[in-house]
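Hi,

Here is the structure I promised to pass on. Have a look at it first, and my notes follow below.

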Amino acid sequence: MLRLPLLFIATGIVSFVLFHAGSLFTAGGWALDHPRSPDGWFRVHLLVLDWATMVAMGAVYQLIDVVLQRRIFSRILGYVHYVFFTGGTVILLTGFLQSRVEWIAVGAVAAVTGILLFVWNVGRTLWEAKRWNPITLSTACALFYLAGTGLLGLAMGLNFAFPWWADVHERLLAAHIWLGTLGWFGLLITGFSYKMLPMFYLSHGASDRPQYIILGLWNAAVIVGVWASLGPGGSWPLLAGILLLAAALLVYDRLIRDIRKHSHKASPGRGIVWTVWSTRALLVFCILSLGIGLAAPSLLTSLSWIIIAGWVYLWGWVAVTVLGYMSKIVPFLWWTHKYGDQAGRPGVPVMSDLISERSIDAGMWVMAAGLLIALAGMGVMEPRAAVTGIAALSAGALFYIGVIARVFTK
Ligand code: HEM
């Protein structure tokens with residue numbers, strides 16, 4: 001039963017190692033190249049598709065069971081999804097790297113087929129369960145946005161091969177990024193956190209009202225952002241999207257405080273504490289972006305700011321949250337898989353024996369320091385600082401994922 005989630009998570013870990021080994025290979029220098037280049041597309045998608053999305057899909061297959069108390073609609077379809085998605089992304093990424101437009105188009109078709117199979121499988125499970133609450137609604141919205149991200153990616157991939165929509169390509173890209181980052185990752189992370197944070201904190205009795213408010217505000221931010229991308233443009237719709245996101249994050253932070261107030265555990269674990277801090281850091285960054293957008297709107301749409309915002313959101317929040325949650329989910333899955341039926345017998349480890357909290361904390365410190373140095377370097381146009389920071393981030397990330405992967409040896 002746990003094989004399918006573990007398959008996705010293990011593949012995600014391999015992609016993560018490839019990404020950071022590749023980053024260290026250039027001593028972080030790749031981050032200085034233009035992101036819209038074959039190398040940039042390859043690296044970005046290795047991280048967002050083959051690592052973060054892969055791990056997120058594994059987590060969905062596992063958690064849907066916990067949330068709905070029912071099995072996924074079809075496990076076989078889950079494996080078919082894995083084959084299409086993994087095979088498709090390998091072809092897509094090779095196409096990006098080698099600038100082979102026909103590979104990009106074929107890979108995009110296969111990867112999107114995988115995504116649609118996943119959306120169908122999980123969507124059907126949710127539909128049949130008919131248990132609508134902020135967790136299931138957020139998951140359904142995240143799935144919808146993932147399908148949109150994939151279809152827009154496919155449209156752009158086809159556009160490379162046959163320039164059918166050349167004049168709207170830039171708008172499609174902006175909508176693709178907004179849907180993938182805020183829509184897919186944002187709603188999945190917040191939605192699953194409503195279930196997981198109380199579990200990690202052993203917390204009962206926090207109000208679920210903020211969950212509905214976050215769901216509404218976050219969806220509004222996604223929709224306004226997509227409208228800003230596809231529609232007439234200008235800085236006001238973009239500012240409105242950021243304002244809505246900041247409001248959603250503010251309520252999300254209040255919810256986390258409430259969960260902590262009702263906690264019956266001294267600490268949820270260092271990885272989880274880091275995810276809470278990363279949410280606050282993202283909130284501060286959103287407020288800063290709003291200020292900048294009001295004072296100098298053109299700066300907000302400059303390439304430098306978009307790149308900084310991408311690093312803050314995707315690394316500072318999405319990656320830190322996925323990595324933090326992995327420090328809990330992986331030991332749980334592995335312990336249940338290997339020792340679940342022997343609990344309490346002599347010589348059988350307890351779950352906390354499988355992972356070192358100190359190593360988790362150390363890895364997070366190195367990654368955070370690396371990211372901050374890189375952001376400062378990008379902000380003041382000091383390439384050496386940016387490159388050093390990225391190299392440190394990758395070294396910390398490899399150490400961290402090593403700590404997670406060691407769980408499988410215990
Ligand atoms: C099967 C799914 C996907 C396909 C086929 C796809 C395809 C593409 C293509 C063709 C581009 C290049 C567009 C251009 O610069 O003209 C692109 C850029 C981008 N995509 Fe995707 N994508 C997919 C999924 C995702 C997901 C899930 C995310 C999550 C956030 C994402 C984030 C991005 C980002 C940030 C860029 C800009 C990167 C850069 O300029 O280097 N993509 N995508």
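**Ligand contacts and two residues**

A polar side-chain atom of Arg36 sits 2.8 Å from an oxygen atom of the ligand. Keep in mind that this is a predicted model.

Arg36 has company around the ligand. Of the 28 residues there, those that come nearest are Pro35, Arg36, His45, His169 and His176. For Pro35 the contact involves the backbone: one of its polar backbone atoms is 2.4 Å from a ligand oxygen. Trp41 uses its side chain, with a polar atom 2.9 Å from an oxygen atom of the ligand.

Which helices give at least two residues each to the shell around the ligand? They are H2 (38-68), H3 (75-98), H4 (101-129), H5 (134-161) and H6 (169-201). By residue class, the shell splits into 17 nonpolar, 10 polar and one charged.

Away from the ligand contacts, I also looked at the surface. Phe162, Trp164, Trp165 and Val168 make up a nonpolar surface patch, and their accessible area together is about 400 Å². Phe162 is found in the loop between H5 and H6. Its relative accessibility is 41%, so Phe162 counts as partly exposed, the class between 20% and 50%.

Finally, Thr181, which is part of helix H6. Is Thr181 buried or exposed? Thr181 is buried, because its relative accessible area of 15% falls under the 20% cut-off. The Thr181 side chain also has a polar contact, reaching the backbone oxygen of Ile177 at 2.6 Å.

Cheers

Methods:
Residues are numbered from 1 along each chain as its sequence is written. This is a predicted model: local features need pLDDT of at least 70, side-chain atom pairs count only at pLDDT 80 or more; totals for chains, interfaces and linings use all residues. Side-chain values use heavy atoms; hydrogens and water are left out. A residue is near a molecule or strand if one of its heavy atoms lies within 4 Å of it. A polar contact is a pair of N or O atoms within 3.5 Å; within protein, one must be able to donate a hydrogen and the other to accept it, and residues adjacent in sequence count only if both atoms are side-chain atoms. Helices (H or I, at least four residues) and strands (E, at least two) are DSSP runs, numbered from the N terminus. Ala, Val, Leu, Ile, Met, Phe, Trp, Tyr, Cys and Pro count as nonpolar, Asp, Glu, Lys and Arg as charged, and the others, Gly among them, as polar. Patches are made of residues with over 30% relative accessible area and no salt bridge: like charges are joined within 9 Å, nonpolar side chains (Val, Leu, Ile, Met, Phe, Trp, Tyr) within 5 Å. Accessible areas come from the Shrake-Rupley method with a 1.4 Å probe; for residues, only the protein chains shown count as cover. A salt bridge is a side-chain nitrogen of Lys or Arg within 4 Å of a carboxyl oxygen of Asp or Glu. Buried means under 20% relative accessible area, exposed over 50%, partly exposed in between (1.4 Å probe, protein chains only).
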